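This report describes aromatic contacts, a surface patch and cysteines in one structure. Please consult the sequence and the model while reading.

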Amino acid sequence: MELFKLLIRNALRHKLRSLLTLVGIGVAVMAFALLRTVVTAWYAGVEASAANRLITRHAVSFVFPLPLAYRDRIAQVPGVDEVTYASWFSGVYIDKNQFFARLAVDSETFFDVYPEFVIEPKQFEVFKRERNACIIGIDIANRYNLKLGDMMLIEGDVFPGQWEFVVRGIYQPRDQTTDPASMMFHYRYLEERVRQEMPQRSGEIGWYIVRINDPDDSAAISREIDRMFANSRAETKTETERAFQQSFLSAASAVITAMNIMSFVIIGIILLVLGNTMIMSARERTHEFAVLKALGFSAGQLFFLIAGEALILSTLGSALGLLVTLPAVEGFQAALPKGWFPVFYIKPETIVFGCVSAFLVGLAASIIPLRRVLTTRIVEGLRHVG
Amino acid sequence: MESPFIEVVGLFKSYQRDSLEIPVLRNITLNISQGDFLAFMGPSGSGKTTLLNLIAGIDKPTSGKIFIAGMDITELSETELAVWRSQNVGFIFQFYNLIPVLTALENVELPLILTPLSKKQRRSHAETALHVVGLAERMHHFPRQLSGGQEQRVAIARAIATDPAILVADEPTGDLDKTSAEEVLELMDRLNRELNKTILMVTHDPRAAERARFIRNLEKGELA
Ligand SMILES: Nc1ncnc2c1ncn2[C@@H]1O[C@H](COP(=O)(O)OP(=O)(O)OP(=O)(O)O)[C@@H](O)[C@H]1O
Ligand SMILES: [Mg+2]
C-alpha cells in the first residue's frame, strides 16, 4: 500500500463526477486549442514573413498600382539585394467560392525572393519558357485534381477577360507556415494583354518585394525608398513584410482579440470546473483528512493526495481534449469555404501551452481545498458531520 | 519513585465562542502509569473527548502541561506533534473512521506508510495486526462489506499496527450492538494485558467501564 493507491482510489471514488469533470476539461481544452488554431491561421501571413523582406506599396492604398519603372531605382538603394514584384490578379476560378491567391509575378526573381515555395528545377525551367504557364501550390493541385499540363480557366475581374493558364509547376510549402495554396503566373503574360486591351494600365505592378542584406537596416532602407518617391505621382509606403501582413489583420483585430481573450477565459473555466470538483471532494472527506492528520500525515503528504488527484483529472482531461482536437480542427476546416484559411494547423506551442496550463490549473485547483484541509483543526475535522 | 508515564498538570482548556470564553476543562491534574487501562465517564459535555484529544496530542490546551514519557507534548510544534502521534498513539473512534475506498488490509497499512518499514514489512505487520483482531479472512473486504463490530476491530488493528504505547478510544462501543461491543472490549482488554498497551477510553457505558482498571469521572470540566 502506497499513498499513491489512495490517490487513485480517491480519483475514482465518484466515477460519474470524475467523468463529467474529465469531459468538461476535455471540451474546454478542445475549444481552447481550436480557438488558438484559428488565431494561428489568421496570423499565418505574419508567421510566414521573413525578416529580410520589405514590401513597397502605394502610399494611399494597397489597391493602387505602382509604376514598374520604380524597380531599377529601388534596386539602387544601398543594402538592397534583390527587387521583385507582384500584381494581385484575383479573378474567378470555377465559381466565386473558390478562395486562393492568384498572382502575376516576375518569374525571373520572385521565387528567388520566396524560397519557401519549393519547386523542382525541371518544372521551373519549363514554366519559365512558356508564356501562359503557371505554378500552383500542392493544395490547389489536390483540391482541384490538377496535374502538370492541365489547363486552368479564369474569368478575370481586376483584369477583365477570359484567361487560360497551363499548369507547369506544383510547389511544395517549405514548412507549415507557408501558404500551400497560391497560384502564380508570368507578369509579362499579364502585361502583354494589358498593353493590347487596356493600354492605360500598362507598365503597372501591384507591389514590390525588396530583399535586403541585413534585417537591421530595414527601417533605414524603408525610409530611403519612400523618400525617393516622395512628391512623385505615386508615393510609396515601405515596411517590413511582417508589418505589412499585420496591417491586413487590423480590420479583423477586434475579432482576433476577442478570440484571444476567449481562449484564456476557457482556461479560467477549466480552473472553475476542476476547482469545484476538488472543493466538493475535499469537503466530503473533511473527516477522513482529519483522521489522516491525527495518524500523523504531514502537510506535504496531504498536498500530494489533493494536488495529485487534481493533476490526474486535469492531465487526463486535457489529453482527452487534445485527442479530439485533431479531428475537430479538421472538421472545422472542412466546414469553412475552401481555402478560407490556406494555412491551418495546430501549432506545437498550442499543445505545449495546453499541457502546461492543465498542469498549472491542476495545482491552482488544489489550493483552496488544500488550504481548507490544512487549516481545519483535527478536532474540528473529526466533529464535522459530512 | 520514578515519574508516571502520563502526567497531566494543571490543565485548562477553554473555547472562544464569539467574544465569550467557554471553559471546558478546569485544572485537571492526573497521573497514569504505563500499562494502565483507564476509563473516563461523565455526563455529555463534561469535557471527556476534549481531555482525551489533549492527551493524544490532536488538540492544544489553553494552559497546563502534559508530560508523556517525560516529554512535555504541549511544547511540541504541529509538525513535531504529528511525528510524535504517529509513533506513540493509536486512535480508536466511535464511528471507526476507516477510509471507505481502502480495504481492511490497506486501512491497517495506512499508518505504516509513516514508518521506515519496507513495503513487504508493512504488509506483514498489517496482516499480523488483522490476525490479532481475528479478521485475517476479511482483509480484502472494504469497510462497507463489514459489520460495525468488524469495522471497529479493523480500526483497532490500524491503531496497533505501528505498535504505539498508548491507545485512545472515544466511545469505542458507542455505535455497536451488545455482542460486538463485548468482542471489542474483550480485544482491548487483551491488548492491555498481553501487549501492555496503556489505554485511555471515554465511555458512557458502565459495562465498558467495568473492563477498565480505573474509572475517573468528569463533571463540568473537573475530575471528581
Ligand atoms: N470547537 C468547539 N468550540 C466550542 N465549544 C466546544 C468545541 N468543542 C467542544 N466544545 C464544548 O466543550 C464542551 C465539552 O465537549 P466534549 O466534546 O469534550 O464533551 P464530552 O464530554 O465528550 O461530551 P459527549 O459525552 O457528548 O461526547 C462542550 O460543552 C462542547 O460544547
Ligand atoms: Mg465526547
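## A buried tyrosine pair

In this predicted model, Y93(A) and Y144(A) are both buried. Across all chains, a search of the whole structure finds 27 aromatic pairs. A pair of aromatic rings is described by the distance of the centres and the angle of the planes.

One further pair joins F62(A) and W207(A), with 5.0 Å from centre to centre and 40 degrees between the planes, a tilted arrangement. This contact links distant parts of the chain, 145 residues apart. F62(A) belongs to the loop between β1 (53-58) and β2 (66-67) of chain A, whereas W207(A) belongs to strand β12 (residues 207-212) of chain A. F62(A) counts as partly exposed because its relative accessibility is 23%. W207(A), in contrast, has a relative accessible area of 9% and is therefore buried.

The rings of Y93(A) and Y144(A) meet edge-to-face, at 5.1 Å centre to centre and 90 degrees between the planes. Here too the pair links distant parts of the chain, 51 residues apart. Y93(A) is found in strand β4 (residues 92-93) of chain A, and Y144(A) in the loop between α7 (138-143) and β8 (151-156) of chain A.

## An aromatic cluster and charges over rings

Some aromatic residues are grouped beyond pairs. F110(A), F111(A), Y114(A), F117(A), F124(A), F127(A) and Y171(A) together form one aromatic cluster.

Charged side chains also lie over ring faces. In chain A, R193(A) is placed over the face of W163(A), 3.9 Å from the ring centre. In chain B, K13(B) is placed over the face of Y15(B), at 5.1 Å from the ring centre.

## A nonpolar surface patch

L16(A), L19(A), L20(A), V23(A), V27(A) and L320(A) make a nonpolar surface patch of about 550 Å². Helix α2 (residues 15-42) of chain A supplies the largest share of this patch, five residues.

L20(A), one of the patch residues, is located in helix α2 of chain A. L20(A) counts as exposed because its relative accessibility is 55%, and exposed means over 50%.

## Cysteines

How many disulfides are there over all chains? The count comes to zero.

Two cysteines can be described by their surroundings. C134(A) has a relative accessible area of 0% and is therefore buried. C355(A), at 40% relative accessibility, counts as partly exposed.

Notes. Residues are numbered from 1 along each chain as its sequence is written. Chains are lettered from A and ligands numbered from 1 in the order in which they are written. This is a predicted model: local features need pLDDT of at least 70, side-chain atom pairs count only at pLDDT 80 or more; totals for chains, interfaces and linings use all residues. Side-chain values use heavy atoms; hydrogens and water are left out. Rings of Phe, Tyr and Trp (its six-membered ring) pair if their centres lie within 6.5 Å; planes under 30 degrees apart count as stacked, over 60 as edge-to-face and the rest as tilted. Helices (H or I, at least four residues) and strands (E, at least two) are DSSP runs, numbered from the N terminus. Buried means under 20% relative accessible area, exposed over 50%, partly exposed in between (1.4 Å probe, protein chains only). A charge sits over a ring if NZ of Lys or CZ of Arg is within 6 Å of the ring centre and within 35 degrees of the ring normal. Patches are made of residues with over 30% relative accessible area and no salt bridge: like charges are joined within 9 Å, nonpolar side chains (Val, Leu, Ile, Met, Phe, Trp, Tyr) within 5 Å. Accessible areas come from the Shrake-Rupley method with a 1.4 Å probe; for residues, only the protein chains shown count as cover. A salt bridge is a side-chain nitrogen of Lys or Arg within 4 Å of a carboxyl oxygen of Asp or Glu. A disulfide is a pair of cysteine sulfur atoms within 2.5 Å.
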